[in-house]
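Colleague: Could you pick one part of this model and give me a close look at it? I'd like to know which residues are hidden there and what covers them.

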Amino acid sequence: MAKGYSTRVLTFLMLISLMAVTLNLVSSTAEAKERRRDVPIVKGLSWSFYQKACPKVENIIRKELKKVFKRDIGLAAAILRIHFHDCFVQGCEASVLLAGSASGPGEQSSIPNLTLRQQAFVVIDNLRALVQKKCGQVVSCSDVLALAARDSVVLSGGPDYAVPLGRRDSLAFASQETTLNNLPPPFANASQLIADFANRNLNITDLVALSGGHTIGIAHCPSFTDRLYPNQDPTMNKSFANKLKRTCPTANSSNTQVLDIRSPDVFDNKYYVDLMNRQGLFTSDQDLFVDKRTRGIVESYAIDQQRFFEDFTVAMIKMGQMSVLTGTQGEIRSNCSARNTRSFMSVLEEGIEEAITMI
C-alpha cells in the first residue's frame, strides 16, 4: 500500500515538474516575442493588425509550414531568401512574387533571382489561399511572406519574434536593372555592404546579424567560384577550398554547396564559426571577419548564440519595414503572382477623375 502510494506521489511530482518546464518554455517564447516589440515600427503597421479581421493568421501559416518543412527543410532557407530579395529591391511589398507581364519580365527573371526556388513561391501562394479561405481577402501577400520568413527561422531552430503587420502589396514589379542594382552581390566586400546597408537605414550590427541568414541554405557554384578560379582567394581556408573545387570542378558548374558546413539545416550561430575558420562561402561572408569594423561582431556571435539571435530579430523587424506600402496604398492580392483584375468601370472612373483634374 505504502509502495503504491509512493509511486503515485512520485508520478504526480514528475507531472508537476514537466508542466512547470513546459510553462517555462512557453513563457520564455512569449517573453522573447514581447521583448522585440520595443523596436519602432512605421506608421500604418501594427503588432495586432489582424486581431479582428484574421486572428488566427499566424497559427494557420505556422501549422502549414511545419508540414512543408517536415517534407523539405530546404524550403525554409528558400522562403527566407525570397523575403530578403523582396525587401531589398523596392521594399517589402511582395513585388518579387509577381510573374512577368506584357510590360516586361518580372523580378524573378533578373539574374540574382534565377536561383530562387520556384517551389517556395508555390508554398507562399498556398499559404495565401489557406489564409484567404479562413478569413477572406484581408491579409496581404507581403504579410504572408514576412510571417513565413519568420517561421522559416523559428522552425529551423532559430529565435521567435513578433512581426508588425499591415503591409499592402505592390501594383508593379521592379525592372531587371533595378533588381540587379539593389541586391547585394556575393562578391561585395564589407565596405560596399556597410555603405549599401547604411543607405537603407541599417547599421553595421544589422548587416552582420542579417548575414547570419546564411546559416541555412545552399549556393550555386558560379556565385562563389571567383574565389577559386583562376586563383584561390588567400582569405579562404586551403582545405575548404580544395573541397569546394571537387564540388565545383569548373567556374560555371551547375552544382550546389551548403552555405554553412557545420549545420546547414539548423538556424544557429555556426555560420560565424565558419567565418572565424576562414570557411565562409561568399566574399560578402568572409570579408565580415576580415574587416576590422565587423570582425568583433562576428566573433561575439560565434561565442554567444543568444546575442546573435537577439540582434537578428531586431534587424529582421527593421528590414521587414523597408519602404512598405500601408493604408490605401497598393492592394491586397487575391493571387500573389498577379495583380488583382480591375473592372472596366474602375478603370473608366480613374480616367474620368484624371481628366477632370486636368481641366
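**A close look at helix 4**

Modeller: Happy to! In helix 4, the buried residues are A120, F121, V123, I124, L127, R128, V131 and C135. Buried here means under 20% relative accessible area, while exposed means over 50% and partly exposed is in between, using a 1.4 Å probe and protein chains only. Viewed along the axis of helix 4, these buried residues fall within an arc of 155°, so they line one face of the helix. That arc is taken from the directions from the helix axis to the C-beta atoms. As a reminder, an α-helix has 3.6 residues a turn, so residues three or four places apart point the same way.

Before going further, please keep in mind that this is a predicted model, where local features need pLDDT of at least 70 and side-chain atom pairs count only at pLDDT 80 or more, whereas totals for chains, interfaces and linings use all residues. Residues are numbered from 1 along each chain as its sequence is written, and side-chain values use heavy atoms, leaving out hydrogens and water.

Helix 4 covers residues 118–135, and its 18 residues should span 26 Å at 1.5 Å a residue; the end C-alpha atoms are 26 Å apart, which agrees. The expected span is 1.5 Å times one less than the number of residues. Helices are DSSP runs of H or I with at least four residues, and strands are runs of E with at least two, both numbered from the N terminus. Just after helix 4 comes G136, with a positive phi near 90°.

Now for the cover. The buried residues of helix 4 are covered by elements including helix 2 (57–71), helix 3 (74–90) and helix 5. I124 shows this nicely: leaving out residues up to four places away in sequence, I124 touches I79, L97, V144, L145, A148 and C336, where contact means heavy atoms within 4.5 Å.

I124 is also among the residues with the most contacts inside the largest nonpolar core, alongside I61, L65, I79, L97, L210 and Y272; this core has 79 residues. A nonpolar core is a set of buried Ala, Val, Leu, Ile, Met, Phe, Trp, Tyr and Cys residues joined through side-chain atoms within 4.5 Å. Helix 3 gives the largest share of this core, 11 residues. In soluble globular proteins, nonpolar side chains tend to be buried together.

Two of the covering helices deserve a look of their own. A76 lies in helix 3 and has a relative accessible area of 0%, so A76 is buried. Beyond its neighbours within four places in sequence, A76 is in contact with F69, S152, S156 and I216. From A76 to L155 is 79 residues in sequence, and 7.9 Å in space from C-alpha to C-alpha.

Helix 5 runs over residues 141–154 and includes S142, which counts as buried because its relative accessibility is 2%. The side chains of S142 and S140 are joined by a polar contact of 3.1 Å. A polar contact is a pair of N or O atoms within 3.5 Å; within protein, one must be able to donate a hydrogen and the other to accept it, and residues adjacent in sequence count only if both atoms are side-chain atoms. A polar atom of the S142 side chain also lies 3.3 Å from the backbone oxygen of R168.

For the wider setting, the protein has 14 helices and 2 strands, and 46% of its 359 residues are buried.
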